[in-house]
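This briefing is meant to be read with the sequence and the 3D structure at hand. Please look over the whole fold before turning to the individual residues.

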Amino acid sequence: MTATIIDGKAFAADVRARVTQKVAALKEDHGLVPGLAVVLVGEDPASQVYVRNKGKQTVECGMNSFEHKLDVETPEADLLALIDKLNADEAVHGILVQLPLPKHIDEAKVINAITPAKDVDGFHISNVGLLATGQKSMVPCTPLGCLMMLRDHHGSLSGLNAVVVGRSNIVGKPMAQLLLKDSCTVTIAHSRTKDLAEVCRGADILVAAVGRPEMITGDMVKPGATVIDVGINRIPAPEKGEGKSRLVGDVDFASASAVAGAITPVPGGVGPMTIACLLANTLTACCRKHGLPEPEGLTA
Ligand SMILES: Nc1nc2c(c(=O)[nH]1)N[C@@H](CN(C=O)c1ccc(C(=O)N[C@@H](CCC(=O)O)C(=O)O)cc1)CN2
């Protein structure tokens, strides 16, 4: 069997086009322009690239982008003061603090300082609780992107066995909640799971979010299953030259794609959907703030 490749790059372009269309209509019909504030503390090279892309894509969709770049030594109190200011700013509908933060800053404290309605990352404890109880919330971008691709591929997810490998607060747990909400039978597996391969082989939908390069191999995949690879791991690639690296997921693509029915690649799978869903969440936050209908097909 050769798996269908789920093209996250193309899917993300389609999401951005739909966001752009809705943003134009918001402006035309209501004189509203959604605004996204992104806060970066420090100079982590990967974070700088992600923040630059977020700003660029926000503007391309017709929304306002507000970038705040802070020195790596910024005291926690200064960051909290900036968040207070953004919470009160009427032009800002979404606030995102790029992670990871420097060690001296308490991540949870910062995330929970964001007004829940502006928490377009869906990481605030209120949004976590709302999602866990099946209520309307802001939904974390990466799991939302996975859900959109799964719904598109399968139509209904009802009754399917889903295994999520990984229990992080930003991917594994919210992913499991979203699949449960769509009536999957959900198992969360992790590093201590007994006979992980056997558990994975029971999955119609297998989501790999462990952060270990190429850990999920073809023998762990049920024939015909849909495999969603959330991993982004940079590993040495001496074949490309000394000191060179390449990007791989948590799934061994070669062996898994020979067994799966459908699979997301890395790069070009889940990654691009993360930023597309951030734009969708910013639009949703703006619509909710103004009591307007939510953009169809762009929320959970
Ligand atoms: N506040 C947040 N911080 C972080 C999040 C997040 O959702 N909110 N997620 C990640 C980083 N991230 C967005 O911030 C992100 C990661 C990867 C991609 C992406 O498009 N990846 C490409 C490959 C890129 C490359 O070549 O390195 C792909 O998979 O095709 C987008 C966004 C951590 N921090």
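In this predicted model, six strands form an open sheet in the order 1-11-8-7-5-6, and their pairing is parallel. Strand 1 (4-5) and strand 6 (185-189) are found at the edges, where each has a single partner strand, so one side of each is left without a neighbour in the sheet. The points below go from the whole protein to strand 5 and its surroundings, and then to the residues that a record marks as a binding site.

**The protein as a whole**

- The protein contains ten helices and eleven strands, and its radius of gyration of 19 Å is close to the 19 Å that the globule rule gives for 300 residues, so the protein is as compact as a globular protein of that length.
- Measured out along the principal axes, its C-alpha trace spans about 50 × 45 × 35 Å, while 45% of the 300 residues count as buried.
- Among the contacts with a separation of 6 or more, 68% are accounted for by residues 24 or more positions apart.

**Strand 5 and its surroundings**

- Strand 5 pairs with strand 7 (residues 205-208) in the parallel sense, over four bridges, and Val164 has Val207 in strand 7 as its bridge partner.
- Helix 7 lies across strand 5, strand 6 and strand 7, and the helix runs at about 170° to strand 6.

**The annotated binding site**

- An unreviewed UniProt entry places the feature "binding site" at Gly166, Arg167, Ser168 and Ile232.
- Arg167 lies in the loop between strand 5 (161-165) and helix 7 (172-181), and Ser168 likewise lies in the loop between strand 5 and helix 7.
- Arg167 counts as partly exposed because it has 18 C-beta neighbours inside 10 Å, a count that falls between the limit of 12 or fewer for exposed residues and that of 20 or more for buried ones.
- Ser168 is also partly exposed, because 17 other C-beta atoms lie within 10 Å.
- When neighbours within four places in sequence are left aside, Arg167 is in contact with Gly172, Lys173, Ile188 and His190.
- When residues up to four places away in sequence are not counted, Ser168 touches Lys173 and Ala209, so that Lys173 appears among the contacts of both Arg167 and Ser168.

Technical notes: Residues are numbered from 1 along each chain as its sequence is written. This is a predicted model: local features need pLDDT of at least 70, side-chain atom pairs count only at pLDDT 80 or more; totals for chains, interfaces and linings use all residues. UniProt positions are given in the numbering used here, feature names are shortened, and annotations may be inferred rather than shown by experiment. Helices (H or I, at least four residues) and strands (E, at least two) are DSSP runs, numbered from the N terminus. Two residues are in contact if their C-beta atoms, placed from the backbone, lie within 7 Å. Two strands pair if DSSP finds at least two bridges between them. Axes are lines fitted to C-alpha atoms, for helices over the stretch in contact, and angles run from 0 to 180 degrees between N-to-C directions. The radius of gyration is taken over C-alpha atoms; the globule rule is 2.2 Å times the number of residues to the power 0.38.
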